[in-house]
Amino acid sequence: MRPLFSILALTFLIGFASSCVTKKQYDELKEIKEYYEAEADLADSLKNEYKDLVDEKKETEAQLKQTTDELEQLTVTNISLNKSYQEVLKKYNRLISQNQEVLSTSSYEKQSLQDQLSSREVMLDQRERDLNELAFALAEREQRLYAMEQGFSTLEGEVLFSQQKIAELENMLRIKEGAMEQLKDKINQTLLGFSDTDLTVTEKNGKVYISLSQNLLFKSGSAKIDWSGKKALQQLAEVLKSNPDIDINVEGHTDSDGSADKNWDLSVSRATSVVKVLTDYGVNPDRVTASGRGEHLPLTSNSTSTGKAQNRRTEIILSPKLDELYNLLNN
C-alpha cells in the first residue's frame with residue numbers, strides 16, 4: 001500500500017515550496033515527489049507479484065499432492081496386477097497339462113493381463129515424469145519467491161528511510177513557520193506607530209507580507225521616498241538586519257490609471273527606491289530583490305477611488321531561506 005502520509009506530506013511541501021522558491025527549485029521538488037511516488041508504485045507492484053507467486057505455490061503444492069496420491073494408487077494397482085498375474089500364471093501352468101482349450105483360454109487371459117500391466121507401467125512412468133517436472137517447477141518458484149522477499153525487504157528499508165526524511169523536512173518547515181510568525185509579531189511591534197491604512201503586516205503560506213501604501217512612501221507619480229516612508233523603512237531595516245536568514249523581495253504595485261507601460265516602469269522604480277533605502281540602512285544587498293508588478297496584481301477593484309488607493313502600494317515579502325531543506329533533500 002502506498003505510504004499515503006509520505007506522499008501527502010511531500011505534496012504539501014511542493015505546494016508550499018512553489019510559492020517561495022524559484023522554478024528550478026520547484027521542479028527539483030516535483031521530481032523528488034514523482035520519484036517517491038514511483039517508488040511507492042513499484043512497492044505495490046512487487047507486493048502484488050509476491051502474492052501471485054504465493055498463490056501459484058499453493059496451487060502447485062496441491063497439484064503435487066494430487067499427483068503423489070495418484071502415483072501411490074497406481075503403485076498399489078500395479079502390485080495387485082502383478083499378484084493377479086502370478087496367480088493366473090500358476091493356474092495356467094497347472095491346467096496346461098489338462099486341456100488345450102484351457103491352455104488357450106489361460107493364454108488369452110495372460111496376454112490381457114500383460115497388456116494391462118504394460119499400460120499401467122507406461123502410465124506410471126508418465127506420472128513419475130510429471131511429478132518430477134512439477135517438483136522442478138516448484139523449486140524454481142520457491143527460488144523466485146525468496147528473491148522477491150529479499151527485494152521486498154530492501155524496498156521496505158528504502159521507504160522507511162524516505163519517511164524519516166519527510167519527517168525531518170516537516171519538522172524543519174514547522175521551525176521555519178514558527179520563526180516567521182515571531183518575525184511578523186516583532187515587525188508589528190516595531191511599526192506599531194503607523195496607521196493601519198498606511199501599513200499592514202500579515203503572514204501567509206509561511207511568508208510575511210508588509211504592505212506600505214503610496215501615501216506613506218511616495219507622492220503621486222513619483223518614485224522618491226518621503227521622510228515618513230524612510231522612517232518606517234529604517235525601523236524595518238533594523239528588524240531585518242537582526243534576521244539574516246530571511247530573503248527579501250520588494251514588489252511595486254500601481255492602480256490602473258494611465259498606460260500599463262508607465263505603471264510598470266513606475267512600479268519598478270518604486271521597488272528599486274525601497275531596496276536602495278533598505279540597503280542604505282544596512283540590509284545586505286545579497287538578500288534583497290526588487291520587482292515591479294504594475295497594475296497586474298491588484299488587491300481589489302480599480303473601479304473606485306478607495307480601491308485604487310489600496311492597489312497603489314509597495315509590498316515587502318519576507319521568505320525563509322530553504323538551503324537546509326535542499327541540502328537534506330540532496331543528501
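**Close-up 1. Isoleucine 187 and the residues it touches.** In this predicted model, isoleucine 187 touches Val201, Val208, Ile210, Leu236, Val239 and Leu318, leaving out residues up to four places away in sequence. Ile187 also belongs to the largest nonpolar core, which has 32 residues. Together with Ile316 and Leu318, Ile187 is listed among those with the most contacts inside this core. Two or more residues each come from α3 (100-190), β1 (199-204), β2 (207-213), α4, α5, β3, α6 and β5. Of these, α5 gives the most, with six residues.

**Close-up 2. Helix α6 and what covers it.** Let's turn to α6, which runs over residues 260-280. Its 21 residues should span 30 Å at 1.5 Å a residue, and the end C-alpha atoms are indeed 30 Å apart, so the two values agree. Which residues of α6 are buried? They are Asn263, Leu266, Ser267, Arg270, Ala271, Ser273, Val274, Val275, Val277 and Leu278. Their cover includes the helices α4 (214-217) and α5 (227-241), along with the strands β3 (246-253), β4 (288-294) and β5 (313-320). After the helix comes glycine 282, with a positive phi near 105°.

**Close-up 3. Glutamate 251 in strand β3.** Here we meet glutamate 251, a residue of strand β3. Is glutamate 251 buried or exposed? With a relative accessible area of 6%, under the 20% cut-off, glutamate 251 counts as buried. Its side chain makes polar contacts with the side chains of asparagine 249 (3.4 Å) and histidine 253 (3.3 Å). Setting aside neighbours within four places in sequence, glutamate 251 is in contact with Ala271, Ser291, Arg293, Arg313, Thr314, Glu315 and Ile317. One of these, Ala271, also appears among the buried residues of α6.

Methods: Residues are numbered from 1 along each chain as its sequence is written. This is a predicted model: local features need pLDDT of at least 70, side-chain atom pairs count only at pLDDT 80 or more; totals for chains, interfaces and linings use all residues. Side-chain values use heavy atoms; hydrogens and water are left out. Helices (H or I, at least four residues) and strands (E, at least two) are DSSP runs, numbered from the N terminus. The expected span of a helix is 1.5 Å times one less than its number of residues. Buried means under 20% relative accessible area, exposed over 50%, partly exposed in between (1.4 Å probe, protein chains only). Contact means heavy atoms within 4.5 Å. A polar contact is a pair of N or O atoms within 3.5 Å; within protein, one must be able to donate a hydrogen and the other to accept it, and residues adjacent in sequence count only if both atoms are side-chain atoms. A nonpolar core is a set of buried Ala, Val, Leu, Ile, Met, Phe, Trp, Tyr and Cys residues joined through side-chain atoms within 4.5 Å.
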